[in-house]
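Please open the structure in a viewer and keep the selection tool at hand. The tour below proceeds step by step, stating at each stop what to select and what is found there.

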Amino acid sequence: MNKEKKSIFNKMNDTSLLLTITIVIFLLMYIGAIVIQGGGFTKPQMFFNILNANAALIITACGMSIVMISGGIDISVGGVVALVSMSCAVYLDHKGGSIIGSILIALGIGIAFGLVQGFLVAVLDIQPFIVSLAGMFFARGMTTIVNTAPFNVEDEEFNALKLTRVNVPFMGSVNKKGIYVPAYVEIGVIVALLIVVLLFLVLRWTRLGRSFYAVGGNKQSALMMGINVRRTKFLSHLICSVLAGIGGYVYFLHVGSGSASHAMGMEMNAIASSIIGGTMLTGGVGNIIGTLFGVLSLSTIQNIVASAGLDQA
Amino acid sequence: MVKSFFKRLTSNQLFIPLMALILLAVINLINDPGFFRITLGTNNAGNPVLSGYLITILDYGSELGILAIGMTLVTAASGGQDISVGATIAIAGSAMLRVLCGGNSRPDQIQAPIIVAFLVACIVGMLCGAFNGLLVAIFKIQPMIATLILFTAGRSIAAWINNNELPIVPDPKFSYFGSFIPGIPIPTTVFIVAICIVIIALVLKFTNLGLYTQAVGINENSSRLNGINPTFIKFLAFVILGLCVAVAALIKVSRLSTINYSVIAKDIEMDAILAVALGGNALSGGKFNMWASILGAYVIQFLTTTLYKFNVQSDALAAYKAVVVILLVVFSAPTVRDYMARLGKNMAKRKEAA
């Protein structure tokens, strides 16, 4: 009996142990919220609202996890999200652009940031913290250069897309008037979940995914194993920034406005979610599913605090 | 002879900040020859004061200069940075105001001597530093993550200390620390920085702090085997940073005689880290050069003032700063330096061959 128990723990490596802890903590917290606070938490829609509000954070935190797994860090993601939402808002509203164009802008900004930061980190060997710090400054500054005042987007096509809801079967609830209200998620959530699944598969079963872990764990031995360390680091930063661009668009889709103060401190939330999800800042350890649960845990805490009436200040 | 002199010059750690300073000075000189003019005028109270861009830089760069001292030590000892300094300034400043105003937001006179308030702020700052140091040195949490706690919570704590009110200090003497003492035309902050620099210079000269800090930063295990207590050194570095934060808070709060919790010392942590990086100190810890860091702090303030002079919006300032920082970091990157050195050698060879 004792032997068997030991073997289970032996089988679990660092990553899956941390993942299990995260999921257990999240479930305990959510159940605790249901038991103690009841109210909104008993309805499934509460859970989907958490997803709706945090789809962008899930996407950026996934990118952050990949950078952190490969031993780097990227604190520019919040700035990139703000820049994307402001640029897309200006493009759609003042310039009369199309949805496709705005998506391309979002991707373009992400790719541009990824290329420059990846080059500086991987090829020139500059500390990722400093590079992305400058990236954050640059993105925040550019956001105010694009437009200073915050404003809402009036574009009809965009607003139609923004209000598109995907109903979740069997999860609806009956409201006070006795009408059945279906539970829904926004498009951003579907994008986020697709990205989570995709990155999970990439990290688990592709050569690139495994080399992220190898480079983050030990650069020297990764080099000796024949992994192209520079290319891996470069790709990790590129993926993170592109995901920040996509996350920016999803964020924009959720809030429907452009503002220089959007996504303030989002990089810290992304890092915190990754860490709660079991990704180590030292690199080499981490899991995308854990990051997803990290985001959920973080926002559940925020929801509990908010519904308990504690001040956010 | 010339070559070796040149090599010694470029390999000196002060080279990068000095070059940046000279570059900025030249740009300003071309743009406006009057940039360096210092005039003696009188302020609103009728006291003689020196004014001019250089004085502005010296004055407003002082918080950054003081923070750079502590940040250099923390960087060298722990191999990480403290990102909570801005929030800790808010906490220490708030505590100072609480003592001065005694919980009343509009007192007729100060409720405690300024020195007592400052000492309380010092203790609060050092406690915050000790909290960070405890997490980093004893619980072995990465510095950036450990200080993330105060970074996010600090401004709320600061608001909580004064019940979210914004007390105003009635005594004009309190504002001397951030502006001018009547009769002395030089900003008081310059003297405060000078005192801090003298103290840290004496400490580095007569104690083993510098040596031990570098030893811990370079190799924690071997320094432990040599009889140094790395835990204590790291802890000490954070406490010293806490003290620096308290002094910076005194200046910051004194400038306005009040406080704005969400705005005070905003983004100063980034500037402080940049000052250390600009000084050519490795952000991964180990060897440090205190003077290069302090010089780096003033270079950053120089840059900020220059950008303001070019009519850059304060919100957009960050974008320009980022470009300059990237350029500086790229030119100081070892890879780029090696490449340049090789390029220079090849050119010399070709010349010889020709």
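A residue is called buried here if 20 or more other C-beta atoms lie within 10 Å of its own. By that criterion, 45% of the 354 residues of chain B count as buried. The model in view is predicted.

**Chain B as a whole**

Begin by selecting chain B, in which there are 15 helices and two strands. Its radius of gyration is 22 Å, close to the 20 Å that the globule rule gives for 354 residues, so chain B is as compact as a globular protein of that length. Rotating the view along the principal axes shows a C-alpha trace that spans about 80 × 55 × 40 Å. Of the contacts in chain B between residues at least 6 apart in sequence, 77% join residues at least 24 apart.

**Helix H3**

Next, select helix H3 of chain B, residues 53-60. Which of its residues are buried? They are Ile57(B), Leu58(B) and Asp59(B). To see what covers these buried residues of H3(B), add helices H4 (62-78), H8 (188-206) and H13 (290-309) of chain B, which are included in the cover.

**Helix H5 against helix H6**

Now select helix H5 (residues 85-101) and helix H6 (residues 114-138) of chain B, which pack at an angle of about 150° with their axes 8 Å apart. An angle over 145 degrees counts as roughly antiparallel, and H5(B) and H6(B) are therefore roughly antiparallel to each other. The crossing of H5(B) past H6(B) is right-handed. On the H5(B) side, the contact is made by Thr88(B), Ile91(B), Ala92(B), Ala95(B), Met96(B), Val99(B) and Leu100(B). On the H6(B) side, the residues to display include Val116(B), Phe118(B), Val124(B) and Cys128(B). The residues of this contact between H5(B) and H6(B) comprise 13 nonpolar, two polar and no charged.

**Helix H5 against helix H7**

Keep H5(B) selected and add helix H7 of chain B, residues 143-161; the two pack at an angle of about 15°, with their axes 7 Å apart. That angle makes H5(B) roughly parallel to H7(B). Their crossing is left-handed. From H5(B), the residues that meet H7(B) include Ala87(B), Ala90(B), Ser94(B) and Arg98(B). Among their counterparts in H7(B) are Leu150(B), Phe151(B), Arg155(B) and Ile161(B). This contact of H5(B) with H7(B) divides into nine nonpolar, three polar and two charged residues.

**Val253 in helix H11**

Move on to Val253(B), placed in helix H11 (residues 230-256) of chain B. Is this residue buried or exposed? Val253(B) is buried, because 29 other C-beta atoms lie within 10 Å. Leaving aside neighbours within four places in sequence, the residues in contact with Val253(B) are Gly93(B), Met96(B), Leu97(B) and Ile259(B). Met96(B) was also met earlier, in the contact of H5(B) with H6(B). For a distance to check in the viewer, select Ala316(B), 63 residues along the chain from Val253(B); their C-alpha atoms are separated by 25 Å.

**Where chain A touches chain B**

Finally, display both chains: the contact takes 23 residues from chain A and 28 residues from chain B. On the side of chain A, the elements that give two or more residues are helix H6 (128-146) and helix H12 (266-276) of chain A. H6(A) supplies the largest share of that side, 12 residues. The residues of chain A that touch chain B divide into 16 nonpolar, five polar and two charged.

Notes. Residues are numbered from 1 along each chain as its sequence is written. Chains are lettered from A and ligands numbered from 1 in the order in which they are written. This is a predicted model: local features need pLDDT of at least 70, side-chain atom pairs count only at pLDDT 80 or more; totals for chains, interfaces and linings use all residues. Helices (H or I, at least four residues) and strands (E, at least two) are DSSP runs, numbered from the N terminus. A residue is buried if 20 or more other C-beta atoms lie within 10 Å of its own, exposed if 12 or fewer, and partly exposed in between; C-beta atoms are placed from the backbone. Two residues are in contact if their C-beta atoms, placed from the backbone, lie within 7 Å. Axes are lines fitted to C-alpha atoms, for helices over the stretch in contact, and angles run from 0 to 180 degrees between N-to-C directions. Angles under 35 degrees count as roughly parallel, over 145 as roughly antiparallel, 65 to 115 as roughly perpendicular and the rest as oblique. A crossing is left-handed if the near helix is turned anticlockwise from the far one by less than a right angle, and right-handed if clockwise. Ala, Val, Leu, Ile, Met, Phe, Trp, Tyr, Cys and Pro count as nonpolar, Asp, Glu, Lys and Arg as charged, and the others, Gly among them, as polar. The radius of gyration is taken over C-alpha atoms; the globule rule is 2.2 Å times the number of residues to the power 0.38.
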